Amino acid sequence: MKLVVIGADAAGMSAASQARRRRTPDKLEIVAFERGNFTSYSACGIPYWISGVVPDRDALVARTPAEFEKAGVRVRMRHEVVAIDLDRREVVARDLEGGGEIREGFDELLYAAGAVPVTPDWARVDGGGVFGVQTLDDGTAIKAWLESDPKPQRAVVIGGGYIGVEMAEAMIKHGLDVTLLEKSSQPMSTVDLDMGERVRAAIDGLGITVRTGAHVQGIETSHGRVRAVVTEDGTVPADIVVLGLGVRPNTSRAVESGIPVGVTGGLRTDLRMRVVGPEGHVEGLWAAGDCVQTTHRISGQPMHAPLGTHANKQGRVAGINLGGGYATFPGVIGTAVTKVCDLEVARTGLSSKEATRAGFEYVTATVESTSRAGYYPGAETMTVKMIAERRTGRLLGAQIVGREEAAKRIDALAIAVWNEMTVEEMTALDLSYAPPFAPVWDPVLIAARKATDALLAADQG
């Protein structure tokens with residue numbers, strides 16, 4: 001039997017590795033196609049390599065093509081799959097360096113082509129200096145541009161989500177004048193407005209010029225290099241432009257081949273990561289990673305959740321099943337974390353806006369506390385917000401904004417959301433305590449108490 005994998009990053013190679021552990025090469029031949037120059041790398045680490053926090057690009061690579069080859073997975077680097085023939089059970093791949101095309105037959109096909117940066121028509125310019133940030137090849141190109149002659153002095157980052165904020169900070173660390181353009185009313189719109197205001201203040205504190213409500217209309221170039229970003233309110237000079245507008249599932253080859261996609265544009269799969277069509281799962285076709293559509297466990301709604309953690313888990317599930325085992329992927333709850341300088345930002349479950357959209361009635365509770373006992377040196381303030389469903393008291397979501405040792409508390413809240421705990425149940429959680437690590441009442445417990453009080457007040461009202 002032969003397994004062909006499209007995409008040799010997190011999902012694809014996790015699947016290949018799991019399948020190989022369960023079936024020997026004489027039982028299962030595995031061939032992976034990768035259009036880039038790297039396998040199994042941390043895309044989430046790219047901003048930190050560009051900023052210099054991570055000094056070595058190779059530190060982001062978990063496993064090289066040579067290591068996969070040694071383990072019994074044949075990897076065709078710099079080969080882009082350009083067609084999938086489901087009837088003939090083969091893929092067509094173009095050699096991006098040597099030229100020409102090859103055909104590879106398969107019995108099982110894993111589509112793990114990832115995601116691609118959202119690139120509006122106005123961002124497609126002939127001049128250099130405009131970059132998305134999705135692959136390690138993208139990061140390499142950005143790094144080279146920052147070190148080119150003449151060196152860039154002014155950066156414009158378009159989009160104030162996770163990658164946009166992280167890249168804006170990276171540009172500051174390179175000594176550039178940085179402007180962050182965000183079309184909504186706040187950066188980091190995945191958290192509620194009151195929490196986002198704290199993030200905005202931290203970004204301002206880095207010396208980054210933040211312009212919200214900014215609608216970009218185009219990018220000007222001159223002599224082959226970017227010159228400015230054009231908005232409704234005028235132009236912003238730029239020597240480098242970073243697109244942080246999010247990503248979309250890279251499913252174009254799948255759609256061309258007649259493979260169905262869901263409402264998010266990602267491939268629909270069942271719990272075992274088999275691709276699902278109108279009449280059930282498609283025989284011999286699997287998908288995992290940033291190219292798939294998944295389900296939010298709280299809202300029950302389909303969503304696109306491009307994150308390395310999900311990609312690795314989905315790939316592992318697919319690989320176990322391809323290797324003859326049994327595993328399922330149960331969905332996601334939207335847990336995420338990032339930092340702006342020393343300010344940590346985290347969220348899990350539903351935001352207020354998402355809870356409203358899903359049809360929940362809820363209360364919110366926000367508390368200010370400290371990361372350690374107030375008298376212990378180094379105690380830092382943090383804000384914890386909880387969203388709880390009326391009547392049931394179930395925790396629907398939570399957000400944290402704070403300094404050192406604040407954000408990882410989101411993991412306790414994520415476990416509570418995942419297991420459908422009520423905020424009243426959470427008030428009795430046996431969380432660890434010692435003055436260097438937490439106050440007597442941990443901020444999570446204080447927020448749970450306040451949310452419980454808010455539910456009681458809402459019922460009495």
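Is Ala398 buried or exposed at 0% relative accessibility? In this predicted model, Ala398 counts as buried, because its relative accessibility is 0%.

**Ala398 and Arg409**

Ala398 belongs to strand β26. Although Met386 is 12 residues away from Ala398 in sequence, the two C-alpha atoms are 4.4 Å apart in space. Met386 is also among the residues that Ala398 touches once those up to four places away in sequence are set aside. The others are Ala346, Arg347, Thr348, Leu350, Lys385, Ile410 and Leu413.

Strand β26 spans 395-402, and the loop that runs between this strand and α10 (410-418) holds Arg409. Arg409 has a relative accessibility of 11% and therefore counts as buried, since the limit for that class is under 20%. What does the side chain of Arg409 make a polar contact with? The partner is the side chain of Asp442, at 3.0 Å. Asp442 also appears in the list of residues in contact with Arg409 beyond four places in sequence. That list further includes Phe437, Ala438, Pro439, Pro443 and Val444, as well as Ser371, Met382 and Ile400.

**Backbone points**

Glu405 is found in the loop between β26 and α10, the loop that also contains Arg409. Glu405 is not a glycine, yet its phi is positive, about 70°. Arg78, in the loop between β3 (74-77) and β4 (79-85), is another residue other than glycine with a positive phi, near 55°. Most residues other than glycine have a negative phi, and most peptide bonds are trans. The peptide bond from Asp149 to Pro150 is cis, with omega near 0°. Pro150 is placed in the loop between α4 (136-146) and β10 (154-158).

**Accessibility of selected residues**

The table sets out relative accessibility for several of the residues discussed here.

| Residue | Relative accessible area | Class |
|---|---|---|
| Ala398 | 0% | buried |
| Cys291 | 0% | buried |
| Arg409 | 11% | buried |
| Arg78 | 22% | partly exposed |
| Glu405 | 34% | partly exposed |
| Cys341 | 35% | partly exposed |

**Cysteines**

How many disulfides does the structure hold? The count is zero. For Cys291, the closest cysteine sulfur is in Cys44, and the distance of 16 Å is too far for a bond. A disulfide would need the two sulfur atoms within 2.5 Å. Cys291 is buried, because its relative accessible area is 0%. Cys341, by contrast, is partly exposed, with a relative accessible area of 35%.

**The cavity**

Rolling a probe the size of a water molecule over the atoms shows where empty space is left. A search of the whole structure finds one cavity of 30 Å³ or more. The space in the largest cavity comes to about 40 Å³.

Which residues line the largest cavity? Its lining is made up of Gly289, Asp290, Val292, Thr294, His304, Ala305, His310, Gln314 and Val332. Sorted by class, the lining has five polar, three nonpolar and one charged residues. Asp290 is the charged one, because Asp falls in that class. Val292, Ala305 and Val332 count as nonpolar, because Val and Ala belong to that class. Gly289 is counted with the polar residues, because Gly is placed among them.

Notes. Residues numbered from 1 in each chain as written. Predicted model: local features only at pLDDT ≥ 70, side-chain atom pairs only at ≥ 80, totals over all residues. Heavy atoms only, no water. 1 Å grid on protein atoms, 1.4 Å probe; cavity = no way out; pocket = protein on both sides within 12 Å on 5 of 7 lines; lining within 4 Å. Points joined across faces, edges and corners; volume = space filled by probe spheres on them. Helix = DSSP H or I, 4+ residues; strand = E, 2+ residues; numbered from the N terminus. Buried < 20%, exposed > 50% of the residue type's maximum accessible area, 1.4 Å probe, protein only. Polar contact = N/O pair within 3.5 Å; in protein donor to acceptor, adjacent residues only side chain to side chain. Contact = heavy atoms within 4.5 Å.
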